[in-house]
Amino acid sequence: MQNDFSPEIQENESAFPRTPRLSVVATPIGNLSDLSPRAKETLSSADFIACEDTRTTGNLLRKFDIFRPLLAYHEHNEQASAAGIAAKIASGAHVALVCDAGTPTLSDPGFRVVRECRRQGLAVESVPGPCALVTALSVSGLPTNAFAYHGFLAPKTAARRRFLEENRVSKMTLAVYESCHRIRAFAEEIAEILGENRVVCFARELTKLHETVLTGTIGEILPKLVGKNLKGEFVVLIAPENFEL
Ligand code: SAM
């Protein structure tokens, strides 16, 4: 949690419980048992918990008997809330930053809060845990040595087609978050633009009861998506050109 690499850094130094700081805390993406003991401890002891939606986070915290004051920040008020959160830390508070699910700042707000704390030289601590992107990569069987994360693609068909055309010869695994409403159309576009043999992974409802991970060529996967009621949350991974399973 220090801001330089001075030699006196100790391995466990981030565990100073009373230091004023921002703790960036990952929360479950489905399975509640994935909230780490350290995340629980951090949330239970923070002076404030900064969250996207007080109702969503309030529901999660209640399940763990954690009752701490909540501060709301959203993408549209994040700049102003970032200054407010940083001011609280500067005056001695410990603030835990969470998002609705998973790791803050990844296709979720929080980046401006972290940046503001860094700009002011305030301590920022990592409390890592679930993230749909890393979870999907880890179970996909696709190369993870180099990947490019694109978050949510633009909803417009033309923009998504352009994305695929621009990445036809990618040497990295491509990772996107996609809404269940567009998943079949996206699969059809992948087959049409990248060819039937491109290896993909469709990871749905990770860590939840209906977790489904389909890895194969898009030619094999596409028929499995047709005629199905595709509900839930999806990560789509596209392997580099010429990758074979
Ligand atoms: N910050 C989160 C993270 O660390 O993964 C991502 C939040 S983003 C607003 C929500 C998107 O993440 C969903 O639309 C879906 O694409 C993906 N996602 C979240 N949870 C998921 C899950 N359990 N299984 C598959 N994808 C998931």
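User: Why is Glu 189 called buried in this predicted model?

Analyst: The relative accessible area of Glu 189 is 6%. Buried means under 20%, so Glu 189 is buried.

User: What makes the contact of Glu 189 and Arg 160 a salt bridge?

Analyst: The side chains of Glu 189 and Arg 160 meet at 3.1 Å, N to O. The cut-off is within 4 Å, for a side-chain nitrogen of Arg and a carboxyl oxygen of Glu, so the pair counts as a salt bridge. Glu 189 is in helix H7 and Arg 160 in helix H6, 29 residues apart.

User: How do you know whether Arg 160 is buried or exposed?

Analyst: Arg 160 has a relative accessible area of 2%. That value is under 20%, so Arg 160 is buried.

User: Why is Arg 161 called partly exposed, and Glu 192 exposed?

Analyst: Exposed means over 50%, and partly exposed lies between the 20% and 50% cut-offs. Arg 161 is at 25%, so the label is partly exposed. Glu 192 is at 54%, so the label is exposed. The side chains of these two residues meet in a salt bridge at 2.5 Å, N to O. Arg 161 lies in helix H6 and Glu 192 in helix H7, so the pair ties together parts that are 31 residues apart in sequence.

User: What makes Arg 21 and Glu 125 a link between parts of the chain?

Analyst: Their side chains meet in a salt bridge at 2.9 Å, N to O. Arg 21 lies in strand S1 and Glu 125 in strand S5, so the salt bridge ties together parts 104 residues apart in sequence.

How values were computed
Residues numbered from 1 in each chain as written. Predicted model: local features only at pLDDT ≥ 70, side-chain atom pairs only at ≥ 80, totals over all residues. Heavy atoms only, no water. Helix = DSSP H or I, 4+ residues; strand = E, 2+ residues; numbered from the N terminus. Buried < 20%, exposed > 50% of the residue type's maximum accessible area, 1.4 Å probe, protein only.
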